[in-house]
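Trainee: I have a structure open and would like to learn how to read its features. Could you take me through some of them?

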Amino acid sequence: GVLIWFTPTPIGIEERAWHLLAIFIATIIGFITKPLPMGAVTLIALFCLVMTKTLTLTEGLSGFSHPTSWLTFSSFLIAKGFIKTGLAKRLAYLFIRVLGRNTLMLSYGLLATDLILAPGMPSGNARAGGVIFPLVKSLAQIYKSEPHSSSARRIGSFLMLTSFQGTQITTALFVTAMVANPLMANIAGELVGFEFTWITWALAALIPGVISLLVMPLIIYFCYPPKIKHTPEAPTLATFELDRMGKISRPEWLMAGTFCLLLLLWIFGDYWGNIQSATTALLGVVLLVITNIVTWEEILSEKKAWNILFWFSILIMMASFLNEFGLISWISQQIEGNITNLPWKLGFLLLSIVYFYSGYFFASKAARASARYTPFLSVALAIGTPPMYAVLILAFLLNLSGCLTHYGTAVAPIYFGSGYVEIRAWWKIGFILSLIYFPIWLGFGGLWWRILGFI
């Protein structure tokens, strides 16, 4: 940051833009190295911005009024309603009862649960760690598939891998499925001038996402097959648990109705009075409070949601002012002036490979998005990549890059720590899947977006 602080200011760039960049880079380094919690790091950044007169206090606090911040915050509270009412677990058991007669179909049942929950639960950790993982562990124990033993390969290893890898795909499918997605959508809007709606993101991810969800279990089944192929006991377990839960309760009906309403507004809100995604999410929280599914005291105690609202708002503010001060445009122009002979298709492919496999060096998708998305998108635009193609590919690849390691996302240590998969197998499967994702998303995805008229 010191070098940037004293760098001579290029023509057309405000001096405070470089001050802001120095503090922004220091913040990202803090996210990665974690000397303090992320909220504390951003608080220090906000203080430095104001005290150095890089921004006024009003400008520094402007991120807290950004709709994206409240969309993310509200989505976490909606997720709490899913878990508290038991609706998430009921959905999982329903899919297991219908699809769980063999091991491969059982994995698809677990993926279907994750897929249904993803639009309303913006945390892969909450979905995979709080809902799916306990079910996988129970199923493994039924078949006496124990961790740290040869019996792990009976069924536990396969289900652990497919469930974890499925979450890396479902986080890419909806803007509300992962905390960093709204951040990337906002950055894309700032750089490209395209307003991402909930339905735009979902439509873009539909075809490559469905292909990935269908192909991924088959690849793992071939490369790391379970010893037990048939699971007739799984539907029986699901039926037993559903009977124990009893009829769908009133809170579950209210939660399901609220979620269906939110989906309708997220999809058609633009046509019904231009209702923004954040407004829809806030409506969901209001309905949950009115129906007493989530109490105000529970909202106040939801530390993770408040923590994300705090650091996320400050991060969005800094990213917005970096663009407003003209720094991002200037960097893109400098890169464009130095890259003249490389065809954009080859250049973007190489850029995407570096971008994706840099996931080996990160332990958080949120930190990865804040550190990598803006500069890589700027470079992609500078070499002539179609704007929407660059925006979508980089956003989706960031989500998918969680497949690589046992530490790349918050939920990875939960699955890896269960002891069912050795580190060598974990990394091998992740790398194989990464090779499959590139043609699916860059190839089939590109064709699909051309049909949609996005590129």
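Trainee: Which residues form one aromatic cluster?

Mentor: Good place to begin, and keep in mind that this is a predicted model. The cluster is made of W201, W344, F348, Y389, F396, W441 and W449. Across the structure there are 20 aromatic pairs.

Trainee: Why is the pair of F164 and W426 tilted?

Mentor: Look at the angle between the ring planes. Planes under 30 degrees apart count as stacked and over 60 as edge-to-face, with the rest tilted. The planes of F164 and W426 stand at 45 degrees, so this pair is tilted, with ring centres 4.8 Å apart. F164 belongs to helix α9 (residues 156-173) and W426 to helix α22 (residues 423-452), so the pair ties together parts 262 residues apart in sequence.

Trainee: Is F164 buried or exposed?

Mentor: Buried means under 20% relative accessible area. F164 is at 0%, so it counts as buried, and W426, at 0% relative accessibility, counts as buried too.

Trainee: And what kind of aromatic pair do W201 and F396 form?

Mentor: That one is edge-to-face, with 90 degrees between the planes and 5.5 Å centre to centre. W201 lies in helix α11 (residues 198-223) and F396 in helix α20 (residues 387-400), so the pair links parts that are 195 residues apart in sequence. Both W201 and F396 are buried.

Trainee: Which residue lies over the face of Y224?

Mentor: R153 does, at 3.8 Å from the ring centre.

Trainee: Let's turn to empty space. What is the volume of the second largest pocket?

Mentor: The general idea is that rolling a probe the size of a water molecule over the atoms shows where empty space is left. Here, the second largest pocket has a volume of about 430 Å³. Its lining has 26 residues, and T68, E195, F196, T197 and S277 are the closest to its centre.

Trainee: Which element gives the most to that lining?

Mentor: Helix α10 gives the most to the lining of the second largest pocket, with 4 residues. By class, the lining has 14 nonpolar, 10 polar and 2 charged residues.

Trainee: One last case: which residues does F356 touch?

Mentor: Leaving out residues up to four places away in sequence, F356 touches L397, L400, S401, C403, L404, S434 and F438. F356 sits in helix α18 (residues 344-357) and is buried, with a relative accessible area of 0%. The C-alpha atoms of F356 and L400 are 8.2 Å apart, while the two residues are 44 residues apart along the chain.

Notes
Residues are numbered from 1 along each chain as its sequence is written. This is a predicted model: local features need pLDDT of at least 70, side-chain atom pairs count only at pLDDT 80 or more; totals for chains, interfaces and linings use all residues. Side-chain values use heavy atoms; hydrogens and water are left out. Rings of Phe, Tyr and Trp (its six-membered ring) pair if their centres lie within 6.5 Å; planes under 30 degrees apart count as stacked, over 60 as edge-to-face and the rest as tilted. Helices (H or I, at least four residues) and strands (E, at least two) are DSSP runs, numbered from the N terminus. Buried means under 20% relative accessible area, exposed over 50%, partly exposed in between (1.4 Å probe, protein chains only). A charge sits over a ring if NZ of Lys or CZ of Arg is within 6 Å of the ring centre and within 35 degrees of the ring normal. On a 1 Å grid over the protein atoms alone, a cavity is a set of points where a 1.4 Å probe fits but cannot get out, and a pocket is an open set with protein on both sides within 12 Å along at least five of seven lines; lining residues have an atom within 4 Å of a point. Grid points are joined across faces, edges and corners, and a volume is the space filled by probe spheres set on the points. Ala, Val, Leu, Ile, Met, Phe, Trp, Tyr, Cys and Pro count as nonpolar, Asp, Glu, Lys and Arg as charged, and the others, Gly among them, as polar. Contact means heavy atoms within 4.5 Å.
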